[in-house]
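Please open the model in a viewer and set up a selection panel for residues and ligands. The tour proceeds by successive selections.

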Amino acid sequence: MKPAIKELMNDHQTILRMLRALNGMCLRLGEGKPVTTDDLGAALDFIKVFADYAHHGKEEDLLFPAMEEAGFPRDGGPIAVMLMEHAQGRAYVQALAAALERVRAGETAALKDAARAASGYSALLSAHIGKEDNILYPMAMEALPEARWETLKTEFARIEAERMGPQRRAVYEALVERLLAAYPAPELARPAGGMCH
Ligand SMILES: [Fe+2]
Ligand SMILES: [Fe+2]
């Protein structure tokens, strides 16, 4: 296992635990029980910063371009599918943020929209992670030369330092555990999946 891929897969494990907590929040809302907007807002912040800004940053700014150098097209095939799913994830994030704003403004019925966006995001991203762990990352490990993994590791460390850092990471990891304990949910199904829908 290449250390850079190990790092991405470790990020995935943390993200998957948050997706499980999101499912727990949706279950709770579905039963008509309360979920605080603060907790939903904290999950949204995790998704924006940990999952999208830092983790997807490592993929979009570094890993995918390195795969393009190795001959993978950007506008077709697995990289295009991954980019499209990142974009779909951002649309769910926007929908969740908008719904939360309405809830905060007193429109409690918007909690339903928040739950719909959260569960859509969770389903999308857990399947996406399955594709990366099982298909895309093994392809990258086959295709990239050893020297490229060395530079990727250094470049990953730069993004990690700029966008996350050990303290912030520890705070997010503690948040995931707190939300998972507060909103328990069954293990996520992890379809190995193909690259196509
Ligand atoms: Fe991704
Ligand atoms: Fe990923």
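The stops below begin with the metal ions and then move outward to the helices. The model is predicted.

**Stop 1: the iron ion (ligand 2)**

Select the iron ion (ligand 2) and display its donors. The coordinating atoms come from His12 (NE2), His55 (NE2), Glu59 (OE) and Glu132 (OE), at 2.0 to 2.2 Å. Along the chain these donors follow the spacing H-x42-H-x3-E-x72-E. Why is the arrangement of the 4 donor atoms around the iron ion (ligand 2) irregular? The donor atoms subtend angles of 85 to 165 degrees, which makes the arrangement irregular: tetrahedral would require all angles to lie between 85 and 135 degrees.

**Stop 2: the iron ion (ligand 1)**

Now add the iron ion (ligand 1) to the selection. Its donors are Glu59 (OE), His86 (NE2), His128 (NE2) and Glu132 (OE), again listed at 2.0 to 2.2 Å. Their spacing along the chain reads E-x26-H-x41-H-x3-E. The angles subtended by these 4 donor atoms run from 85 to 177 degrees, and the arrangement is therefore irregular.

How far apart are the iron ion (ligand 1) and the iron ion (ligand 2), and which residue coordinates both? The separation is 3.2 Å, and Glu59 coordinates both ions. Glu59 lies in helix H2 (residues 37–69) and Glu132 in helix H4, so this pair ties together parts that are 73 residues apart in sequence. Both of these glutamates, Glu59 and Glu132, are buried; for Glu132 the relative accessible area is 0%.

**Stop 3: the histidines of the site**

Select His55 next, within helix H2. Is His55 buried or exposed? His55 is buried, at a relative accessible area of 1%. Setting aside neighbours within four places in sequence, His55 has contacts with Leu8, Asp11, His12, Ile15, Phe50, Glu132 and Tyr137. For a distance label, draw a line from His55 to Gln167: the two are 112 residues apart in sequence, and their C-alpha atoms are 16 Å apart.

His12, one of the residues that His55 contacts, is likewise buried, with a relative accessible area of 1%.

Then move to His128, which is placed in helix H4. At 1% relative accessibility, His128 counts as buried. Not counting residues up to four places away in sequence, His128 touches His56, Glu59, Met82, Glu85 and His86. Two of the residues in that list, Glu59 and His86, join His128 among the donors of the iron ion (ligand 1).

**Stop 4: helix H1 and its partner**

Display H1 as a ribbon and mark its end C-alpha atoms. At 1.5 Å a residue, the 28 residues of H1 should span 40 Å, and the end C-alpha atoms are 40 Å apart, which agrees. After H1 comes Gly32, which has a positive phi, near 75 degrees.

Next, show H1 together with helix H5 (residues 146–163). The two axes come within 8 Å and cross at roughly 40 degrees. On the H1 side, the contact is made by Pro3, Ala4, Ile5, Glu7 and Leu8; on the H5 side, by Trp149, Leu152, Lys153, Phe156 and Glu160. Colour the contact by residue class: 7 residues are nonpolar, none is polar and 3 are charged.

Remain on H1 and select Leu22, which is found there. Leu22 counts as buried, at 1% relative accessibility. Beyond its neighbours within four places in sequence, Leu22 is in contact with Ala43, Ile47, Ala118 and Tyr121. A label drawn from Leu22 to Leu144 joins C-alpha atoms separated by 35 Å, for residues 122 apart along the chain.

**Stop 5: Ala117 in helix H4**

The last selection is Ala117, found in helix H4. With a relative accessible area of 6%, Ala117 is buried. Which residues does Ala117 contact, leaving aside its neighbours within four places in sequence? The contacts are Tyr92, Ala95 and Leu96. Gly89 lies 28 residues from Ala117 in sequence, and the two are 9.6 Å apart in space, C-alpha to C-alpha.

Key: Residues numbered from 1 in each chain as written. Chains lettered and ligands numbered in written order. Predicted model: local features only at pLDDT ≥ 70, side-chain atom pairs only at ≥ 80, totals over all residues. Heavy atoms only, no water. Donors = N, O, S within 2.8 Å, 3.2 Å for Na, K, Ca; no water. Tetrahedral: all angles 85-135°; square planar, octahedral: opposite > 155°, others 65-115°. Buried < 20%, exposed > 50% of the residue type's maximum accessible area, 1.4 Å probe, protein only. Axes fitted to C-alpha atoms, helices over the stretch in contact; angles between N-to-C directions. Helix = DSSP H or I, 4+ residues; strand = E, 2+ residues; numbered from the N terminus. Contact = heavy atoms within 4.5 Å. Nonpolar A, V, L, I, M, F, W, Y, C, P; charged D, E, K, R; others polar. Expected span 1.5 Å × (residues − 1).
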